[in-house]
Structure formats: structure tokens, C-alpha cells
Amino acid sequence: MPLVIAMDGPSGTGKSSASKGVARALGLRYLDTGAMYRAMTWWMLRNGVPVEDAAAVAARVDDPVIESGTDPVTPTIAVDGEDVSGPIRSREVTNAVSAVSAVPEVRARMVALQREIIGDGGIVAEGRDIGTVVVPDARLKVYLTASEEVRAARRARDLAADPGASVAVVRSEQARRDRLDSTRKASPLTRADDAHEIDSTELTLDEVIEAIVRLAKELQ
Ligand SMILES: Nc1ncnc2c1ncn2[C@@H]1O[C@H](COP(=O)(O)OP(=O)(O)OP(=O)(O)O)[C@@H](O)[C@H]1O
Ligand SMILES: Nc1ccn([C@@H]2O[C@H](COP(=O)(O)O)[C@@H](O)[C@H]2O)c(=O)n1
């Protein structure tokens, strides 16, 4: 099977940035599974579905048409034909997504879609359960971590235009999301036993990408 790189880890550890860089370096496709859960959450909010009500979310799970592009240079995400790459990054969606992604019916639909896109491989897929559930036989698994403090500082810089997103607020929202994602019943965030753990706290993005590319080349 062509290479599948499974990249998992808590929020804001650099999964998306590193996955895109690795995919570009190795000529692979790229799949942001978090964007798919965010797209589902955006649709639920837009359609007035109470996201904390798992039964209400499950009842609408098949309604949105979610399309993910896999070019690492210009990744795309659309819902019912509408580009939602901007709105899915809002703090409203970010703070609601863990409730939606904990619903088993949502996960079943997303995992089926993700496996369809991953197909025969040649891809870097990132999320929370790629190495444990979506592609448990992936040839290379990476579990990316970084200290809470560094992650919050990096993310707060991304959100500099939002006056409510101080480092302290971002840190507490990230911690809440990680707690919900790693304690839910349905495929919680956890490190696969055979994953290589990389702590990016003291590493530049280029150093993280180089480390993963090196691991991939060692497989050949
Ligand atoms: N090693 C690094 N050094 C410095 N900044 C980094 C590093 N890795 C990522 N970043 C920055 O940290 C921020 C978060 O990175 P990114 O969005 O890739 O994380 P993520 O794990 O995909 O987050 P989320 O799970 O919330 O989607 C971005 O601004 C990114 O540029
Ligand atoms: N495989 C995955 C990927 C993501 N999630 C959920 O989506 C949220 C957003 O993910 P980001 O990577 O864009 O931050 C995340 O907090 C999880 O709730 C997931 O469950 N499984």
C-alpha cells in the first residue's frame, strides 16, 4: 500500500502545519480531518441544531454534503458547495466542535468519508484518531505534542485580530477541548502504541517537518 502518514495529537501542537509541510516535501496528498468535524459543527450551528444535544445532532448527521480537497498547498473544505474554510476557524465553532465530534453517528460518517478519501494511500492524514481508528495499519504514525503554554502563545498569535483571544483565554479553551476530546467514549484522543512521539515545544516547524520526513525515508 502507498504510504499513509497518520498524524495525531492535542489541539494546537502543529499537526496541520507539519502535515502540510511533510506532504509537500514527499509529494503526498493531505487530509485535515479536524476541518471535517468543524464543517459538520458549522452546519449544525447554522441550522439551529443544539450542539450539546447528541440525539438532535445524530438526527441531522447525514444532511450536510462535506467535501475536502487534498492539495497540501491549497487545502479546501466546503459544505453544500459553500467554501467554509474561514468560518470553521471561528471561536464559536472551535468551542462547539468537541460536543459534535463526540457523537458516535458523527464519527461513523466522518470515518467512512475519511477512509474513502484516503483510499489507496499516498497521503498525510491528521486528526485525533487517525493512527488508532481511521488507519490503524498506517506505515508511519506520529503523535505530536507541545507544552500547553507554547501552544497557547502560538495560537493566540493566529487570533491576534480577536480581542477576546488572550493567551490565557486560548490556553483555557484549548485545555477544555483536549479534556473533552480525550475523555469522550467514542474513539477518544490517545497515542497509538506504535506512534513516534515528537515534542515540538523547543523545535521550529522546519525541524518538526525534517524529523517526520526522515522517519518516512527510513521506511523505504
Ligand atoms: N514548531 C513550531 N514552532 C512554532 N510555531 C509553530 C510550530 N508548529 C506550529 N506552529 C504554529 O502554531 C499554530 C498552531 O499550529 P497548527 O494549526 O498547525 O496546529 P494544529 O495541531 O493543527 O491545531 P488544531 O488542532 O487546533 O487544528 C500555528 O500558528 C502554527 O504556525
Ligand atoms: N480525527 C479527528 C479530528 C478532529 N476531531 C475533532 O475536531 C476538533 C477540531 O479539530 P482541529 O484539529 O481542527 O483542531 C477536535 O477538537 C476534535 O473534537 C476529532 O474528534 N477527530
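Is Ser16 buried, exposed or partly exposed, by the number of C-beta neighbours inside 10 Å? This report on a predicted model starts with that residue and then turns to the loop before it, the ligand shells, the cores and the fold.

## Ser16 and helix 1

Ser16 counts as partly exposed because 18 C-beta neighbours fall inside 10 Å, whereas a buried residue needs 20 or more. Ser16 is part of helix 1. Apart from neighbours up to four places away in sequence, Ser16 has contacts with Asp32 and Glu126.

Ser16 is also one of the closest residues to ligand 1. The UniProt record, an unreviewed entry, includes Ser16 in a feature named "binding site", together with Gly9, Pro10, Ser11, Gly12, Thr13, Gly14, Lys15 and Ser17.

## The loop between strand 1 and helix 1

Two of the annotated glycines can be placed in this loop. Gly9 sits between strand 1 and helix 1, and Gly12 is found in that loop too. Gly9 is classed as buried because 26 other C-beta atoms lie within 10 Å. Gly12 is likewise buried, since 23 other C-beta atoms lie within 10 Å of its own.

The contacts of each glycine, leaving out residues within four places in sequence, are as follows. Gly9 touches Lys15, Tyr143, Leu144 and Thr145. Gly12 is in contact with Arg151, Arg154, Arg155 and Gln174. Of these partners of Gly12, Arg154 is also among the closest residues to ligand 1. As a longer distance across the model, the C-alpha atoms of Gly12 and Val103 are 22 Å apart, with their positions 91 residues apart in sequence.

## Shell around ligand 1

The shell around ligand 1 holds 16 residues, and the closest are Gly14, Lys15, Ser16, Ser17 and Arg154. Helix 1, helix 7 (148-158) and helix 9 are the elements that supply two or more residues to it.

By class, this shell is made up of 9 polar, 4 charged and 3 nonpolar residues.

## Shell around ligand 2

Around ligand 2 there are 15 residues, with Gly34, Tyr37, Ser101, Gly127 and Arg128 coming nearest. The elements giving two or more residues are helix 2 (33-46), helix 4 (91-101) and helix 8 (167-183). Helix 2 makes the largest contribution, at 5 residues.

The class division for ligand 2 is 6 polar, 5 charged and 4 nonpolar residues.

## Nonpolar cores

In soluble globular proteins, nonpolar side chains tend to be buried together. In this model the largest nonpolar core has 28 residues, and Ile5, Met7, Val124, Ala125 and Val142 have the most contacts inside it. Two or more residues each come from strand 1 (4-8), helix 1 (15-26), strand 2 (29-32), strand 6 (123-127), helix 6 (130-134), strand 7 (140-145) and helix 9 (205-218). Another core lies apart from this one; it has 22 residues, among them Met36, Ile77, Val79 and Val106.

Which residues is Met7 in contact with, leaving aside its neighbours within four places in sequence? They are Lys15, Ala18, Ser19, Val124, Ala125, Glu126, Ile130, Val142 and Leu144. Several names recur elsewhere in this report: Lys15 and Leu144 also touch Gly9, and Glu126 is also in contact with Ser16.

## Arg115 and helix 5

Arg115 belongs to helix 5 (residues 104-118). It is partly exposed, because 13 other C-beta atoms lie within 10 Å and the exposed class ends at 12. Arg115 and Ile130 are 15 residues apart in sequence, and their C-alpha atoms are 9.9 Å apart in space. Ile130 is one of the contacts of Met7.

## Overall fold and annotation

The chain has 9 helices and 8 strands, and 40% of its 220 residues count as buried. For 220 residues a compact globule would have a radius of gyration near 17 Å, so the value of 16 Å for the chain agrees. The C-alpha trace spans about 50 × 40 × 30 Å along its principal axes. Of the contacts between residues at least 6 apart in sequence, 74% join residues at least 24 apart.

The unreviewed UniProt entry places "domain: Cytidylate kinase" at residues 5-217. That span is 49% helix and 15% strand, and its end C-alpha atoms lie 12 Å apart.

Technical notes
Residues are numbered from 1 along each chain as its sequence is written. Chains are lettered from A and ligands numbered from 1 in the order in which they are written. This is a predicted model: local features need pLDDT of at least 70, side-chain atom pairs count only at pLDDT 80 or more; totals for chains, interfaces and linings use all residues. A nonpolar core is a set of buried Ala, Val, Leu, Ile, Met, Phe, Trp, Tyr and Cys residues joined through C-beta atoms within 7 Å. Helices (H or I, at least four residues) and strands (E, at least two) are DSSP runs, numbered from the N terminus. Two residues are in contact if their C-beta atoms, placed from the backbone, lie within 7 Å. The radius of gyration is taken over C-alpha atoms; the globule rule is 2.2 Å times the number of residues to the power 0.38. A residue is near a molecule or strand if its C-beta atom, placed from the backbone, lies within 6 Å of it. Ala, Val, Leu, Ile, Met, Phe, Trp, Tyr, Cys and Pro count as nonpolar, Asp, Glu, Lys and Arg as charged, and the others, Gly among them, as polar. UniProt positions are given in the numbering used here, feature names are shortened, and annotations may be inferred rather than shown by experiment.
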